Amino acid sequence: MIYELAKAFIAGGALCAVGQLLIDLTKLTPARILTGFVIAGVILSATGLYQPFADFAGAGATVPLTGFGHLLAQGIKKAISSDGFLGIFTGGLTAASGGVAAALLFGLTASLIFRQKDK
């Protein structure tokens with residue numbers, strides 16, 4: 001178990017280090033960097049390179065934004081095989097709907113429990 005945690009920590013940390021280097025060494029905005037990570041996940045997934053990385057690193061590869069891009073690409077791939085051309089438009093939304101719904105629900109719950117501190 002410790003070995004799996006270490007692999008996830010190192011892989012996730014490496015992805016975060018790349019993001020920090022992009023912030024420090026380029027004039028890219030954080031929004032462009034985040035979008036680039038999602039697109040990189042889609043491209044790496046489409047070329048078949050991301051799945052072995054995700055199998056190795058576990059949550060260190062699936063939780064960051066590159067993992068979100070991978071999730072979208074895999075959802076589209078699955079939907080195209082079952083629904084045809086329409087799957088291009090529905091696959092990513094279907095694959096990511098659970099995570100997005102959970103984030104919205106937990107965000108709403110946190111906003112109801114905790115009061116805003118700044119004035």
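In which hand of crossing, left-handed or right-handed, does H2 pass H5? The model is predicted, so local features need pLDDT of at least 70 and side-chain atom pairs count only at pLDDT 80 or more, whereas totals for chains, interfaces and linings use all residues. Residues are numbered from 1 along each chain as its sequence is written, and side-chain values use heavy atoms, with hydrogens and water left out.

Select helix H2 (residues 30–46) and helix H5 (residues 65–83); helices are DSSP runs (H or I, at least four residues) numbered from the N terminus. The crossing is right-handed, the near helix being turned clockwise from the far one by less than a right angle. The two axes, lines fitted to C-alpha atoms over the stretch in contact, come within 7 Å and cross at roughly 45°. H2 and H5 are therefore oblique to each other (angles run from 0 to 180 degrees; oblique excludes those under 35, over 145 and from 65 to 115).

Next, display the side chains where the helices are in contact (heavy atoms within 4.5 Å). Among the residues of H2 that meet H5 are Leu 34, Phe 37 and Val 38; the H5 side includes Phe 68, Leu 72 and Ala 73.

Now keep H5 alone and colour its buried residues (under 20% relative accessible area, 1.4 Å probe, protein chains only). These include Thr 66, His 70 and Ala 79. Their cover includes H1 (2–25), H2 and H6 (87–113). Just after H5, select Gly 84, which takes a positive phi of about 80°.

Finally, move to Lys 7 in helix H1. Lys 7 counts as buried because its relative accessibility is 12%. Beyond its neighbours within four places in sequence, Lys 7 is in contact with Phe 56 and Ala 57.

Notes
Helices (H or I, at least four residues) and strands (E, at least two) are DSSP runs, numbered from the N terminus. Buried means under 20% relative accessible area, exposed over 50%, partly exposed in between (1.4 Å probe, protein chains only).
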